[in-house]
Amino acid sequence: MEINNMEKFYITTPIYYVNDKPHIGSAYPTIAADVLARFYRYAGVPTFFLTGTDEHGSKIERAAKEAGKTPEDFTHEISAKFSFAWNSLGIAPDDFIRTTEDRHEKVVVEFLENLKKSGKIYEGVYEGLYCIGHEAFLKESELDPSGKCPDHKTKPEKLKEKNWFFKLSDYQDILREKITSGEFQIAPDFRQNEILSFLKQRLEDVAISRPNVKWGIRLPWDETQTVYVWVDALLNYISALGYPNGEKYKKFWPADVHVVGKDITRFHCIIWPALLHAVGLPWPKKVFAHGFFTIGGQKISKSLGNIIDPNDLVAKFGPDPVRYFLLREIPFGQDGDFSMEKLDARYEGDLANGLGNLFSRLATLIAQNLDGVLPDVVKSPKSLDDTDELIRDLRFNEALSRIWEEIAWANKYIDETKPWESAKRDRKLFEEVISNLAALLNEIAKKLAPFMPDTADTIRRALSAEKIEKPEPLFPRLEK
Ligand code: MSP
């Protein structure tokens with residue numbers, strides 16, 4: 001659909017577990033979602049961008065205990081760290097939902113009552129292996145040879161408990177149908193194929209409640225059980241909108257894109273649409289699964305001590321370079337490796353020597369040769385409209401690389417046309433070169449705005465000033 005005809009755009013990130021403070025792995029999808037939200041907002045499409053925190057369940061209960069705090073105090077503290085980090089990264093969600101808020105808990109209860117009425121809920125006993133790290137039952141076949149969870153390196157707990165179940169097995173065919181027809185999209189394609197091949201096996205029903213977890217929302221019809229934390233969490237996408245009667249719910253549901261990590265696609269591509277379908281709600285339009293970062297080739301983990309705090313990166317580089325780096329370095333959807341060396345290199349190369357240099361050369365030429373007054377700006381000699389489609393497809397690194405082609409072109413154009421010489425010889429030529437460059441830099445700033453909002457703003461303000469001055473560097477040299 002043409003962007004001009006879009007009625008609305010609703011984008012979400014996963015809600016983050018508050019067992020630990022944010023790290024670059026959680027910053028990654030949140031920055032990506034912010035870029036898309038800004039892209040649509042700037043295009044005039046009514047946009048809603050939701051993020052938040054996932055605060056119930058055993059994992060959080062345990063982390064609070066270890067910290068010697070009540071779960072209420074603990075979740076409150078850590079959730080605030082997420083809002084703080086997002087704010088310092090220039091991330092501007094329209095709402096931040098916490099699953100411990102009343103507005104969320106009320107919706108969970110109402111949704112579960114409706115689910116119960118659907119007849120797709122029954123009582124049973126489950127015997128299995130529960131991994132608290134995943135907050136999910138694992139199959140024997142999913143464990144490593146020593147019987148541990150391969151992701152968390154911990155032995156799952158053997159549980160035999162009474163649960164309420166959801167008849168997920170009834171949704172196998174409709175899931176396959178809607179995915180294959182493209183009505184429900186999963187991107188990138190290889191993730192869609194993974195889900196489709198998973199759907200070849202018979203789906204098992206899932207437990208939607210837990211008897212021995214206190215830190216959760218009570219099941220409305222059985223006070224001895226709390227709602228399974230994943231069901232609780234998924235419902236954030238509609239609770240924040242005020243399901244079932246809220247104006248925002250009516251306007252924004254279904255979600256246009258759920259951005260999620262590749263580790264949680266099954267929850268979003270199988271359980272979530274089935275739950276919605278059971279109570280007669282529309283499915284999300286698309287789930288996009290991004291890849292994972294490693295640091296120097298290693299998984300990011302607390303025990304390896306390699307967690308990078310986004311606040312430290314922002315303190316050193318500022319928010320825009322961090323946003324740029326994370327989306328430029330690795331194709332969104334693929335796995336990739338993070339390193340400080342790569343970040344330094346992009347900062348020096350693409351930012352300081354590329355965009356920063358272009359901006360400062362141009363503004364200085366105007367300040368020194370034109371008394372700060374820009375000649376009439378013509379239409380940009382080049383268009384970057386082709387980046388729009390790349391952004392809409394979440395191909396952020398390609399969009400950025402395209403923008404940087406023009407930055408390189410413009411720097412070369414200055415080298416070759418040597419405007420500091422024509423300024424003395426041929427005013428007409430000089431003014432033409434300058435106005436071409438200013439138009440192009442404006443175009444670059446416009447396309448860059450969703451990614452690097454502050455930088456784009458600085459450039460555009462400088463170029464529209466009545467008297468343009470020799471600017472401060474956009475990306476100052478960093479001390480080694
Ligand atoms: N609380 C659930 C999501 C519920 S959504 C209804 C959860 N939380 S999480 O905090 O563990 O992870 C949130 C997201 O961060 C996931 O999408 C995950 O993929 C992402 N990442 C966590 N570590 C990451 C990397 N090292 N690299 C990239 N993304 C990573 O799952």
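Helices and strands are taken here as DSSP runs, a helix having at least four residues and a strand at least two, and they are numbered from the N terminus. With these names in hand, one can walk through the structure, which is a predicted model.

The ligand is a suitable place to begin. Around the ligand there are 22 residues, and those that come nearest are Ile15, Asp54, Gly261, Asp263 and Phe293. Three of these residues also place polar atoms beside the ligand. A nitrogen atom of the ligand lies 2.8 Å from a backbone N or O atom of Ile15. In the case of Asp54, the side chain takes part: one of its N or O atoms is 2.7 Å from a nitrogen atom of the ligand. Gly261 contributes a polar backbone atom, which is 2.9 Å from an oxygen atom of the ligand. On its own the ligand has 660 Å² of accessible area, and the protein covers 91% of this.

Which elements give two or more residues to the shell around the ligand? They are strands β2 (16-17) and β13 (257-261), together with helices α7 (229-234) and α8 (236-239). The largest share of the shell, three residues, is that of α7. Sorted by class, the shell consists of 13 nonpolar, seven polar and two charged residues.

The second stop is Asp34, a residue of helix α1, which spans residues 24-42. Is Asp34 buried or exposed? Its relative accessible area is 0%, and therefore Asp34 is buried. Leaving aside residues up to four places away in sequence, Asp34 touches Phe49, Gly90, Ile91, Ala92 and Arg323. The contact with Arg323 joins residues that stand 289 residues apart along the chain, with 9.9 Å between their C-alpha atoms.

The last stop is a sheet. Strands of a sheet pair through backbone hydrogen bonds, in either a parallel or an antiparallel manner. In this structure, four strands form an open sheet with antiparallel pairing, in the order β6-β5-β7-β9. The strands at its edges are β6 (136-138) and β9 (206-207); each has a single partner strand, so one side of each is left without a neighbour in the sheet. For β9, the pairing is with strand β7 (residues 157-166), in the antiparallel sense and over two bridges. Which residue of β9 is the bridge partner of Phe166? That partner is Val206.

Terms used. Residues numbered from 1 in each chain as written. Predicted model: local features only at pLDDT ≥ 70, side-chain atom pairs only at ≥ 80, totals over all residues. Heavy atoms only, no water. Near = heavy atom within 4 Å. Polar contact = N/O pair within 3.5 Å; in protein donor to acceptor, adjacent residues only side chain to side chain. Areas by Shrake-Rupley, 256 points an atom, 1.4 Å probe, with all protein chains shown as cover. Nonpolar A, V, L, I, M, F, W, Y, C, P; charged D, E, K, R; others polar. Buried < 20%, exposed > 50% of the residue type's maximum accessible area, 1.4 Å probe, protein only. Contact = heavy atoms within 4.5 Å. Pairing = 2+ DSSP bridges.
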